[in-house]
Amino acid sequence: MTRLKTELLADKVVVVSGVGPGLGRSICLEAAAAGAKVVLAARTESRLKEVAAEIESEGGTTLSVSCDITDEDAVQNLLARTLETFGTVDVLVNNAFSIPSMKPLARTDFQQIKDSIDLTVLGGLRMTQAFTEALTESQGNVVMINSAVLRHSEPRYGSYKIAKAALLAMSQTLATELGDKGIRVNTVAPGYIWTEQLKWYFGEIAKKYGITEEQVYQQTASKSDLKRLPLPDEIAQTVVFLASPWANSITGQTIDVNCGEYHV
Ligand SMILES: NC(=O)c1ccc[n+]([C@@H]2O[C@H](COP(=O)([O-])OP(=O)(O)OC[C@H]3O[C@@H](n4cnc5c(N)ncnc54)[C@H](OP(=O)(O)O)[C@@H]3O)[C@@H](O)[C@H]2O)c1
């Protein structure tokens with residue numbers, strides 16, 4: 001897919017927490033293509049360097065900071081390094097993710113549910129609390145990455161849904177509480193994302209049922225209006241839109257990006 005070059009985030013400083021190979025990478029690349037200076041944060045430094053190198057090879061500006069968002073000191077260090085380097089923060093994107101328990105809730109260990117909430121909800125809140133003063137100064141905004149799990153109650157997605165539903169509730173309250181500081185808080189809820197990870201998973205399903213990966217794709221995509229699955233860059237472009245001045249009157253809202261799989 002051709003990257004859309006825009007100036008929607010020209011000279012803005014965008015912090016992305018949870019930069020992995022999937023959506024996190026795409027958010028960083030799309031923000032940079034929209035003119036932003038990008039701060040990349042996650043625990044795996046080598047991944048941050050790889051994504052930063054991609055951005056810099058296209059002329060972009062980056063800062064990589066190894067950070068565990070469940071650790072207060074690490075988050076304060078991320079804030080300090082960002083302000084030392086760029087002097088301001090305009091956008092915070094909370095994207096961090098780890099694969100939750102996929103057991104039925106009736107058999108899910110409480111610790112797994114607590115871990116999921118600790119990362120998704122309290123991690124996002126810790127980041128938002130830490131960056132609130134800087135975002136107040138810049139009249140900036142926060143984008144929370146949620147999931148289409150909000151729209152269904154499929155078995156085995158329980159602990160993921162508990163965490164993401166709480167994240168949505170928290171995001172809406174933050175929009176109300178931070179609104180008078182001029183900070184916007186919005187949510188992007190992707191459905192399937194056509195990443196390497198999903199390609200691998202469809203390959204496994206194909207082997208299990210003796211069909212082709214293409215058939216798994218078609219069966220899955222047939223449930224959406226557009227009969228295809230969104231690319232990570234397409235979801236990242238929605239994040240860029242919400243983060244940009246084009247969304248200056250939008251707060252407390254959720255945009256579902258799922259090729260029409262669910263209507264809300
Ligand atoms: N993938 C999908 O199909 C899908 C569908 C719907 C919604 N989503 C949502 O989209 C977002 C991105 O998902 P993705 O699969 O594309 O992931 P990704 O962007 O490829 O990677 C997310 C990264 O978060 C980082 N992370 C995990 N725990 C962390 C912590 N404690 N502190 C800092 N960083 C941490 C991990 O890197 P380190 O291990 O290096 O820290 C991981 O690589 C998630 O919020 C997910 O819920 C994904």
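Q: Buried means under 20% relative accessible area, exposed over 50%, and partly exposed in between (1.4 Å probe, protein chains only); what makes R228 partly exposed?
A: R228 has 30% relative accessibility, so it lands between the two cut-offs. Keep in mind that this is a predicted model, where local features need pLDDT of at least 70, side-chain atom pairs count only at pLDDT 80 or more, and totals for chains, interfaces and linings use all residues. Numbering runs from 1 along each chain as its sequence is written, and side-chain values use heavy atoms, with hydrogens and water left out.

Q: Why do we say that R228 and E234 form a salt bridge?
A: The term needs a side-chain nitrogen of Lys or Arg within 4 Å of a carboxyl oxygen of Asp or Glu. Here the N to O distance is 2.9 Å, so the pair qualifies. The structure holds six salt bridges.

Q: What makes E72 and R126 a salt bridge, and where do they sit?
A: Their closest N and O atoms are 3.5 Å apart, which puts the pair inside the salt-bridge limit. The pair links distant parts of the chain, with E72 in helix 3 (residues 72-86) and R126 in helix 4, 54 residues apart. Helices here are DSSP runs (H or I, at least four residues), strands are E runs of at least two, and both are numbered from the N terminus.

Q: How do you know whether E72 and R126 are buried or exposed?
A: E72 has a relative accessible area of 38%, so it is partly exposed. R126 is at 17%, so it counts as buried.

Q: What separates E204 and K207 along helix 6?
A: They are three residues apart in helix 6 (residues 196-209), which means about one helical turn between them. They form a salt bridge too, with the closest N and O atoms 3.1 Å apart. K207 is exposed at 65%, while E204 is partly exposed at 32%.

Q: Why is the pair of W194 and Y217 called edge-to-face?
A: Rings of Phe, Tyr and Trp (its six-membered ring) pair if their centres lie within 6.5 Å, and planes under 30 degrees apart count as stacked, over 60 as edge-to-face and the rest as tilted. The W194 and Y217 centres are 4.8 Å apart and the planes stand at 70°, so edge-to-face it is. W194 and Y217 are both buried. They also belong to one aromatic cluster, together with Y192, Y201 and F202.

Q: What makes F97, I99 and M102 a patch?
A: A patch takes residues with over 30% relative accessible area and no salt bridge, joining like charges within 9 Å and nonpolar side chains (Val, Leu, Ile, Met, Phe, Trp, Tyr) within 5 Å. I99, for one, is at 61%, so it counts as exposed. It is found in the loop between strand 4 (91-94) and helix 4 (110-138). The three residues form a nonpolar surface patch, with about 290 Å² of accessible area together.

Q: How do you know that G22 makes a polar contact with the ligand?
A: A polar contact is a pair of N or O atoms within 3.5 Å. A backbone N or O atom of G22 lies 2.7 Å from a ligand oxygen, so the contact fits. Y160 gets there with a polar side-chain atom, again 2.7 Å from an oxygen atom of the ligand.

Definitions and conventions
Accessible areas come from the Shrake-Rupley method with a 1.4 Å probe; for residues, only the protein chains shown count as cover. A polar contact is a pair of N or O atoms within 3.5 Å; within protein, one must be able to donate a hydrogen and the other to accept it, and residues adjacent in sequence count only if both atoms are side-chain atoms.
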